[in-house]
Amino acid sequence: MWEALPYEDRVTHAKWSGQMFHTNTPIDLPAGDGMPPFDIESPCAFQAPGDVVYYRPTREFAVAYGDAQFSWHTGTLFVTPVARIEDDLAAFARKADELIWKGARRFVIRRRV
Amino acid sequence: MGRMVRVDFDGMRVTGELLDDRAPRICAAIWDALPLDGQATNVSWSGDMLRLWVTIPEPPEAENVVTLQHPGDILFIPGWNGLRFVYGPAQMRGARGPHPVPRVGRLRGDLTEFVKRARRVEWEGAKQITVRREDGR
């Protein structure tokens, strides 16, 4: 992920996962080993506000900003936690919630210098 | 056959039928509240489902409660108010899991264009929906 930065995309609000938004342009990150669904690094089914996760099958990032669990109509899915937002989330969460009303918005992840 | 409504959404119109026989009190409350006009957003836990943000006087009890929902279903969520329109794979859910809800109506006819426009809401943001009685009131 570090090598792939900066990453920019238009994000949309989750439809199945609660207070979460996700990217829409696939990005390839190295795969893990093993049998599905555990063939990813650190498979995790729970997210906390501020968690940034990567879902390999669709090659997307998702960001939790409140109560969220990465899911599809099939149910909860395993993802790889790749980062955590450590700043105060309140303003960020307000902006993220606006995605529901305003539609897609620009989103950038870059190295902090 | 239930009472008919027309649903205007993003420049198009579809027809819906209230399930008066299965959810008589809720349908009566909806009918009495028509016309309903408000913004619709996509839901965040339940898939391909639009939420119309309007206020309907709440009936005393839930009727025709279903766990599985299908494209074309019109739902009323006690305690949450407003209406939901299902346009694809969907199941009413929340942070605590599936949430059985009253099915109060069905959209009729070819929903292809409705579905196409509903899918845009995620990208373009909230859109207006107006629900009227079939005669326009």
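**Helix α2 of chain B, the contact between the chains and the nonpolar core**

In this predicted model, Thr112(B) and Lys116(B) are exposed on one side of helix α2 of chain B, away from the side that holds the buried residues described next. Within α2(B), the buried positions include Phe114(B), Ala118(B) and Val121(B). These three cover an arc of only 35° around the axis, and therefore they lie on the same side of α2(B). The helix runs over residues 112-124 of chain B, and because each residue should add 1.5 Å, its 13 residues are expected to span 18 Å, which agrees with the 18 Å that separates its end C-alpha atoms. Just after α2(B), Gly125(B) adopts a positive phi of about 95°.

Between the two chains, 14 residues of chain A are in contact with 15 residues of chain B. On the side of chain A that touches chain B, at least two residues each are supplied by β1 (7-13), β2 (18-22) and α1 (90-102), and it is α1(A) that gives the most, with three residues. Sorted by class, this side of chain A has five nonpolar, six polar and three charged residues.

The largest nonpolar core has 51 residues, and those that touch the most other members are Met20(A), Phe21(A), Ala62(A), Leu50(B), Leu75(B), Phe85(B) and Val104(B). Strand β4 of chain A (residues 60-68) provides the largest share of this core, six residues. When neighbours within four places in sequence are left aside, the residues in contact with Leu75(B) are Gln69(B), Leu83(B), Arg84(B), Val86(B), Met92(B), Val101(B), Pro102(B), Arg103(B) and Val104(B).

Definitions and conventions:
Residues are numbered from 1 along each chain as its sequence is written. Chains are lettered from A and ligands numbered from 1 in the order in which they are written. This is a predicted model: local features need pLDDT of at least 70, side-chain atom pairs count only at pLDDT 80 or more; totals for chains, interfaces and linings use all residues. Helices (H or I, at least four residues) and strands (E, at least two) are DSSP runs, numbered from the N terminus. The expected span of a helix is 1.5 Å times one less than its number of residues. A residue is buried if 20 or more other C-beta atoms lie within 10 Å of its own, exposed if 12 or fewer, and partly exposed in between; C-beta atoms are placed from the backbone. The arc is that of the directions from the helix axis to the C-beta atoms. Two residues are in contact if their C-beta atoms, placed from the backbone, lie within 7 Å. Ala, Val, Leu, Ile, Met, Phe, Trp, Tyr, Cys and Pro count as nonpolar, Asp, Glu, Lys and Arg as charged, and the others, Gly among them, as polar. A nonpolar core is a set of buried Ala, Val, Leu, Ile, Met, Phe, Trp, Tyr and Cys residues joined through C-beta atoms within 7 Å.
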